Amino acid sequence: MEAQNNEQTPDKIEFENRIDLKELQENVFLIKQQLKKVIVGQKDMLDLLLVALLSDGHILIEGVPGVAKTITAKLLSKTIAVDFSRIQFTPDLMPSDILGTSVYNLQTTEFEFKKGPIFSNMILIDEINRAPAKTQAALFEVMEEKQVTIDGTTYTMEEPFVVLATQNPIEQEGTYRLPEAQLDRFLFKINVGYPNAAEEFEIILKEQALLNTTKISKIETVISASKIIEFRGLINQITIEENLLKYIANIVVNTRSNSFLYLGASPRASIAILGASKAFAAIEGRDFVTPEDIKRATIPVLQHRVIVTPEREMEGLTSKQIIEQIIETVEIPR
């Protein structure tokens, strides 16, 4: 009987955490359950969205129209008790349409600042690559420093503050390439593909079952903003060994010396991998980072921060493929 029990016991190393991550895991599960009421498949996208949220990062979601980029961002905001705003980027959008503007008050004979839609907790920017450089530049300060400076006055954003932006990689008419400085401010770039046949069938079934209800009405709020901030504090306490810090550094430095890349990743990318790998560990219930956590974080963190040389791009080589090659060549710490 004893031998039989040993056979049934999974080959799993038991460990005791310094940090209690049970509540964090429970809340991540609850959010996923709510999103799965509407979203079919897209497991990687949901994981990356939650990791970015917990590690205080902005997200760029890229995919063709109709693959649930926008609705997923809206549904995620519904699961959390936070303010949500949506900005539709267009070629004629001005910085003041995003940040706000000073308006003259006839009664007080003074100028008053009217806040724009960026003053929220979760901001969905739809088709971010449709606005010109002047409007894109308006996001630089707020995405990096979480503040806006207007007429010499600085306004601080309320935490949590997350920008979720979408873009279509196919349609290029009337679009503008995002500046590298802005791309570098996104923690992750998430590529959303088409569903398979089984997932497509499930999508149609769910749509048929909606009847007179809406997708957003099926989602319940399951977590508060203060809990998100509390969980971010826990994630900062996750342990990572010095040899793993060197592993991150070696991967990023290799992007700068790779002959297939015209532009490598910045130190901000190293910090992003560090934060994301800690969040991956926490979601798995561990208070320490493993090489696998780093590998999971590396591609979504780096793929939008590096530029493939024109020659390799013409050969069909992508930044993701090059990063995968770099990961394979860098020695994993033991």
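**Overall fold and the annotated lid segment**

For the 334 residues of the protein chain, a compact globule would be expected to have a radius of gyration near 20 Å, and the value of 22 Å computed for the chain agrees with this expectation. The model is a predicted one. Along the principal axes, the C-alpha trace extends over about 85 × 55 × 45 Å. The secondary structure of the protein chain consists of 14 helices and 13 strands.

Of the 334 residues in the protein chain, 48% are buried. Contacts between residues at least 6 apart in sequence are made up to 79% of pairs at least 24 apart. The accessible surface of the protein chain amounts to about 17,600 Å², and carbon and sulfur atoms contribute 52% of that area. The protein chain carries 35 positive and 47 negative charges, and the mean positions of these two sets are 2 Å apart.

An unreviewed UniProt entry lists residues 255-326 as "domain: ChlI/MoxR AAA lid". In the model, the end C-alpha atoms of this span lie 7 Å apart, and its secondary structure is 62% helix and 7% strand.

Thr-298 belongs to helix H12, which comprises residues 291-302. Because its relative accessibility is 0%, Thr-298 is classed as buried, the cut-off for this class being under 20%. When residues up to four places away in sequence are not counted, Thr-298 touches Ile-251, Ile-273, Ile-323 and Ile-327.

Technical notes. Residues are numbered from 1 along each chain as its sequence is written. This is a predicted model: local features need pLDDT of at least 70, side-chain atom pairs count only at pLDDT 80 or more; totals for chains, interfaces and linings use all residues. Side-chain values use heavy atoms; hydrogens and water are left out. Helices (H or I, at least four residues) and strands (E, at least two) are DSSP runs, numbered from the N terminus. The radius of gyration is taken over C-alpha atoms; the globule rule is 2.2 Å times the number of residues to the power 0.38. Buried means under 20% relative accessible area, exposed over 50%, partly exposed in between (1.4 Å probe, protein chains only). Contact means heavy atoms within 4.5 Å. Accessible areas come from the Shrake-Rupley method with a 1.4 Å probe; for residues, only the protein chains shown count as cover. Lys and Arg count as positive and Asp and Glu as negative; His and the chain ends are not counted. The place of a charge is taken as NZ of Lys, CZ of Arg, CG of Asp or CD of Glu. UniProt positions are given in the numbering used here, feature names are shortened, and annotations may be inferred rather than shown by experiment.
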